[in-house]
Amino acid sequence: MNVDVRQRSLRDADAALVVVGLFEGGSLPAEVADAPGAGDAKGSFKTMTRLYPGAPERLVVVGLGERDALDAEKLRVLAALVAAEATKLEASSLAWALPPAEDEGAAAEAIVTGTILGSYRFDRFKGQDDEDAPTARLSSLTLLGPAELAGAAETARVYSEAANRARDLQETPANFARPEDLAKRAEEIAAGNDKVTVEVLDGDAIRAKGLGGLAAVTQGGPVDPRLIVLRYAGGGDGPTLGLVGKGVTFDTGGIVLKPGAGMQEMKFDMSGASAVLEATAAIAELGLPIDLITVVPSTENMPSGTAVKPGDVITQYNGKTVEVNNTDAEGRLILADALAYAIELGAERVVDIATLTGAVLIALGSTYAAVVSNDDELAGELTAAGEESGELVWRLPLHDEYRAMMKGTVADLSNLAKKREAGSITAASFLEEFVDDTPWAHIDIAGTAWDVNRAYTGKGGSGYGVRLLVQLARDLA
Ligand code: BES
Ligand code: MN
Ligand code: ZN
């Protein structure tokens, strides 16, 4: 999407559709207040009224709701609804009059984000004669406002397009998005930026290095795994941030096979990987002054005669032994290796993001992701970044009683808790065993990675995590 900021009147906006907001009890700008039908325009939140003032030719008045209640999240929602309206009207360019706001930068970011995320479609596999395909695509957005907001608008364009690329990766089915395809995307990201380098391990290298969790999960299938490492040297004087993303390109459950109904959703089990890859790309594109080490363990989880079996004992990268008591608890096995690996490579604080447990959907639905952390400061930074970006996180606790539930019978640890309760926390407690004293936060996105059904994310992959992690990097940098 082409995004720019210009200080212009509505009549000179020069776009196929011009948008102006109206507060409840407020009034329209004088330029258009006398247009036929203007008196019918409503300020109630989300109400839209089309007007044809002549200059501009076509205008939509969007209800902003109560003046005091307007915030960034409401603007993202409104921008997405307006983008849908533009698509209906076959308008390819949009000019949005920036509504008055306390934080104009945040308002500009929200409108850009809602517009870009709201006009997302995944049509890679749709034919030419798809009836649902829009005839014209929205391709340009102008914010009518002070030129100083150009930086904020550009920042939002970068991270929102990164989020849409993450959605492309998420939506791509497992026969096209294999571990090697994620690695290819990482290589592309490195090729596109001087400050980014990439290193990829294949199955043989993974086994040779002793990444036993990743090796165990991958042994049931024929698809070769990858351990992907991206480094971004942005400088600055803060500690190196590690980002680890779960990259299970398809999760059948393995020998503990999942039920068939809904199993196709398990193509999304690499949503954490898409989030960290595209967040890294966005952080590099923005040139943020921070050093990053991004690690993606990627594999399928398949059942077969060579698959890991319940009860098998494996040795993780850090030397701890684990009983694989449930082959469907595979995410923690590959993350355990990746966390230890990221710390060995120099990550001084680390955030992992993963579609880890169905339990988090029961706890928090699709509104908040869960964060579990051994560090109050990092947890606080993530909570704040969540509020700013709209990708919300809610902290769940750690406790020795949860840790005790992950002890093994014949090995150091079990990948399955002794009880089903607190499943999202016990999964995190397992990961805690692999970070020692490094400040660490784990984000469980099994509830927020797809089918969030916000106006700007809709059904399908949400790209959750890209905006959150970019915001975290902006705050830490
Ligand atoms: N990828 C799943 C988690 C998941 C489930 C994500 C539903 C999104 C929707 C993960 O690998 C898994 O299977 N977790 C198990 C863990 C259990 C066996 C301890 C789960 O949540 O049931
Ligand atoms: Mn699983
Ligand atoms: Zn999984």
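Q: What does the side chain of Arg-454 meet in a salt bridge, and at what distance?
A: A salt bridge means a side-chain nitrogen of Lys or Arg within 4 Å of a carboxyl oxygen of Asp or Glu. Here Arg-454 pairs with Glu-73, at 3.9 Å from N to O. Keep in mind that this is a predicted model, where local features need pLDDT of at least 70, side-chain atom pairs count only at pLDDT 80 or more, and totals for chains, interfaces and linings use all residues. Residues are numbered from 1 along each chain as its sequence is written, chains are lettered from A and ligands numbered from 1 in the order written, and side-chain values use heavy atoms, leaving out hydrogens and water.

Q: How is the protein divided into domains?
A: Domain bounds come from an automatic or database assignment. In this protein, domain 1 covers 2-137 and domain 2 covers 159-476. Taken over C-alpha atoms, their centres are 36 Å apart. Contact (heavy atoms within 4.5 Å) takes in 15 residues of domain 1 and 19 of domain 2.

Q: How many salt bridges and polar contacts are there between domain 1 and domain 2?
A: A polar contact pairs N or O atoms within 3.5 Å; within protein, one must be able to donate a hydrogen and the other to accept it, and sequence neighbours count only if both atoms are side-chain atoms. Between these domains you'll find eight residue pairs like that, both residues at pLDDT 80 or more, and two salt bridges.

Q: Which element gives the most to domain 1's side of the contact with domain 2?
A: Helices are DSSP runs (H or I, at least four residues), numbered from the N terminus. On this side, α3 (104-118) and α2 (72-88) each give two or more residues, and α3 leads with six.
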